[in-house]
Amino acid sequence: MASIIHPHDNSDAPVDEHFQSWAIIQSGKAGKFRFKTIMPGAYPYQAKLEDQRTPHIHMKIGKHGYEPVITQMYFPDQAQNKTDGLLQRKTKEQQAMMTA
Ligand SMILES: [Fe+2]
């Protein structure tokens with residue numbers, strides 16, 4: 001398993017060599033899927049330490065013949081959820097749909 005370093009990662013934080021960082025998952029006929037991962041951490045947004053992205057997982061959901069949906073999955077009870085600029089642009093209903 002190879003670790004993939006994001007091309008825009010300019011952090012000097014240590015890299016977890018056991019973390020794959022992405023996967024392709026096929027859903028069942030009902031559209032359900034599962035995956036197991038680690039809890040992501042917050043990270044500085046646009047290299048500003050005071051501006052943290054809340055923990056989230058990027059997702060691209062697609063089906064042959066349809067435009068893919070690119071979104072992010074958030075976690076409840078994260079302190080940074082209240083200040084994350086991208087999450088706060090969403091309506092409360094959208095935030096609820098995007099939170100696991
Ligand atoms: Fe991200």
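## Ground rules

Helices here are DSSP runs of H or I with at least four residues, strands are DSSP runs of E with at least two, and both are numbered from the N terminus. By that reckoning, Asp77 sits in the loop between strand E4 (69-74) and helix H1 (85-88); there's more on that residue below.

What you're looking at is a predicted model: local features need pLDDT of at least 70, side-chain atom pairs count only at pLDDT 80 or more, and totals for chains, interfaces and linings use all residues. Residue numbers start from 1 along each chain as its sequence is written.

## The chain as a whole

The chain has 2 helices and 4 strands, and going along the sequence they come in the pattern β-β-β-β-α-α. The C-alpha trace spans about 40 × 40 × 25 Å along its principal axes.

As for burial, a residue is buried if 20 or more other C-beta atoms lie within 10 Å of its own, exposed if 12 or fewer, and partly exposed in between, with C-beta atoms placed from the backbone. On that scale, 5% of the chain's 100 residues come out as buried. Contacts are pairs of residues whose C-beta atoms, placed from the backbone, lie within 7 Å. Take the contacts between residues at least 6 apart in sequence, and 24% of them join residues at least 24 apart.

## His56, a buried strand residue

His56 belongs to strand E3, which covers residues 56-61. It counts as buried because 23 other C-beta atoms lie within 10 Å.

Who does His56 touch, leaving aside residues up to four places away in sequence? The list is Pro40, Gln72, Met73 and Tyr74. His56 and Leu87 are 31 residues apart in sequence, and their C-alpha atoms are 9.9 Å apart in space.

## Before the strands begin

Gln20 and Trp22 come ahead of the strands: Gln20 is in the segment before strand E1 (43-45), and Trp22 is in the segment before E1 too. Gln20 is exposed because it has 11 C-beta neighbours inside 10 Å. Trp22 has 9 such neighbours inside 10 Å, so Trp22 is exposed as well.

Now for some distances across the sequence. Gln20 and Arg53 are 33 residues apart along the chain, with 21 Å between their C-alpha atoms. For Trp22 and His58, the sequence gap is 36 residues and the C-alpha to C-alpha distance is 9.1 Å.

## From the loop into helix H1

Back to Asp77 in its loop between E4 and H1. This residue has a positive phi of about 65°, although it is not a glycine. Is Asp77 buried or exposed? Exposed, because just 6 other C-beta atoms lie within 10 Å.

Helix H1 itself contains Leu86. Leu86 counts as exposed because it has 12 C-beta neighbours inside 10 Å. Arg53 turns up again here: its C-alpha atom and that of Leu86 are separated by 8.2 Å, with the two positions 33 residues apart along the chain.

Methods:
Two residues are in contact if their C-beta atoms, placed from the backbone, lie within 7 Å.
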